[in-house]
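The following note is offered to a colleague reading this structure at the bench. The points are numbered for ease of reply.

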Amino acid sequence: MSIEKAKDWLRQFGVEDRVQEFDTSSATVELAAQAVGCAPARIAKTLSFRTGDGVILIVAAGDVKIDNPKYKARFGCKAKMLSFEEVEPEIGHAVGGVCPFGINQGVTVFLDESLHRFETVFPACGSANSAIELTIPELEKFSGYKAWVDVCKGWRE
């Protein structure tokens, strides 16, 4: 089960007991914000893309969208999200629970600058009814991210 993969990953940092599981769905930004009781922007959504170098995840604030020109400038290709059917086999978590914890080997994680606005954020934990509250330094440490990127729009305007 995907949530177990995420918890197993987080166990190495001693925070698996901080994973929250809800009786309702948290599969979308809006549902997750309702479940945890925060503004939608503080939901750290994880988006999955295919690049020339393989599969990547971009963790971004819940109120932003990918800025195609910025994405292309950073990654050298057009933003092409994985299809619904591709997500679980490629990432290791199903749509609605995609997160940077306990993912498949070879998937590279990037964190978007839009997250820097917040002291804490809430990424999913492998299932469509889970989340964990993390500080930005904790998200950096637990995600094994490669780099910070600036590929989103809608938060500076």
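1. Ile58 touches a broad set of residues in this predicted model. Leaving out residues up to four places away in sequence, its partners are Lys45, Thr46, Leu47, Phe49, Ile66, Tyr71, Phe75, Phe110, Asp112 and Val151.

2. Ile58 also belongs to the largest nonpolar core, a set of 47 residues. Together with Tyr71, Phe75, Phe101 and Leu115, Ile58 is among the residues with the most contacts inside that core. Two or more residues each come from α1 (2-11), β2 (43-51), β3, α3 (68-75), α4 (84-91), β5, α5 (136-143) and β9. The greatest contribution is that of β3, which supplies seven residues. Separate from this core is a second one of nine residues, including Val29, Ala32, Ala33 and Cys38.

3. Strand β5 spans residues 108-112, and four of its five residues are buried, so the strand is largely enclosed by the rest of the structure. Strand β3 (residues 54-61) pairs with β5 in the parallel sense over four bridges; within this pairing, Val59 has Leu111 as its bridge partner. Strand β9 (residues 147-149) likewise pairs with β5 in the parallel sense, over three bridges, and here Asp112 stands opposite Val149.

4. Which residues does the side chain of Ser114 reach through polar contacts? One contact runs to the side chain of Asp112, at 2.7 Å. The other is with the backbone nitrogen of Ala61, at 3.1 Å. Ser114 itself is found in the loop between β5 and β6, and its relative accessible area is 0%, so it counts as buried. Apart from neighbours within four places in sequence, Ser114 is in contact with Ala60, Ala61, Val64 and Trp155.

5. Is Cys125 buried or exposed? Cys125 lies in the loop between β6 (120-123) and β7 (130-131), yet it is buried, because its relative accessible area of 0% is under the 20% cut-off. Setting aside neighbours within four places in sequence, the contacts of Cys125 include Ser2, Ile3, Ala6 and Leu10. Also in contact with Cys125 are Val19, Gly97, Cys99, Phe101, Ser130, Ala131 and Ile132.

6. One pair of cysteines may be examined further. Cys125 and Cys99 are 26 residues apart along the chain, and their C-alpha atoms are separated by 5.8 Å. Cys99 is also listed among the contacts of Cys125.

Note on methods: Residues are numbered from 1 along each chain as its sequence is written. This is a predicted model: local features need pLDDT of at least 70, side-chain atom pairs count only at pLDDT 80 or more; totals for chains, interfaces and linings use all residues. Side-chain values use heavy atoms; hydrogens and water are left out. Buried means under 20% relative accessible area, exposed over 50%, partly exposed in between (1.4 Å probe, protein chains only). Two strands pair if DSSP finds at least two bridges between them. Contact means heavy atoms within 4.5 Å. A nonpolar core is a set of buried Ala, Val, Leu, Ile, Met, Phe, Trp, Tyr and Cys residues joined through side-chain atoms within 4.5 Å. A polar contact is a pair of N or O atoms within 3.5 Å; within protein, one must be able to donate a hydrogen and the other to accept it, and residues adjacent in sequence count only if both atoms are side-chain atoms.
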